[in-house]
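User: I should like to understand how the terms used for a protein model are justified. May I put some questions to you about the one shown here?

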Amino acid sequence: MANETTLTIVGNLTDDPELRFTPTGVALAKFTVASTPRLYDRVTESYKDGDALFMNCSAWRELGENIAESLKKGSRVVVTGRLRLNRWETPEGEKRSAMQLDVEDVGASLKYAQAKVMKMARKTDVAAAGGDPWATTAGKASAPQDDEPPF
């Protein structure tokens, strides 16, 4: 959408993602990413940690479920989303606000780790292929007939 603030943050999960479901059954994963800059101190000629930024993140539906299944506390991630300001009033009448990231995409950072990516089959594609996510569409004579995934 126009005029929305998009943000990409790289950091570590401070805890395991919390997966919840709305009353209508929609999945919501909430997690926090800590991003700590490393700064060079010329006096000591060494690196030190700067002030950490803690970003609260929310991911909906399949993305939220995949995050909850794939990531855990300490996982280094690259998160992209829309920055949103939440405002509320406490029972005592104090006005509060907090920034939150509505997650559009998450990736495991491979700077210090390795990952094996598994493509999720779409429910409609699997049903149409008779339960086989790698089945080729009938009537396509030029489709390769090997056991390799189509990507």
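Analyst: Certainly; please bear in mind that this is a predicted model. The chain holds two helices and eight strands, in the order β-β-β-β-β-β-α-β-β-α along the sequence.

User: Why is S109 called buried?

Analyst: The relative accessible area of S109 is 9%. Buried means under 20%, and therefore S109 with its 9% qualifies as buried. Of the 151 residues in the chain, 21% are buried.

User: Where does S109 lie, and which residues does S109 touch beyond those up to four places away in sequence?

Analyst: S109 is located in the loop between β8 and α2 (123-128). Setting aside residues up to four places away in sequence, S109 touches R76, V77 and V78.

User: What makes the approach of the S109 side chain to K111 a polar contact?

Analyst: The side chain of S109 comes to 3.4 Å from the backbone nitrogen of K111. A polar contact requires a pair of N or O atoms within 3.5 Å, so the distance of 3.4 Å satisfies that limit.

User: How do you know that β3 and β6 pair?

Analyst: Eight bridges join β3 (residues 27-35) to β6 (residues 53-60). Pairing needs at least two bridges, so these antiparallel strands count as paired. One of the partnerships links A29 with A59 in β6.

User: In which sense do β6 and β8 pair?

Analyst: β6 and β8 (residues 95-108) pair in the parallel sense, over three bridges. The bridge partner of C57 in β8 is L101.

Notes:
Residues numbered from 1 in each chain as written. Predicted model: local features only at pLDDT ≥ 70, side-chain atom pairs only at ≥ 80, totals over all residues. Heavy atoms only, no water. Buried < 20%, exposed > 50% of the residue type's maximum accessible area, 1.4 Å probe, protein only. Polar contact = N/O pair within 3.5 Å; in protein donor to acceptor, adjacent residues only side chain to side chain. Contact = heavy atoms within 4.5 Å.
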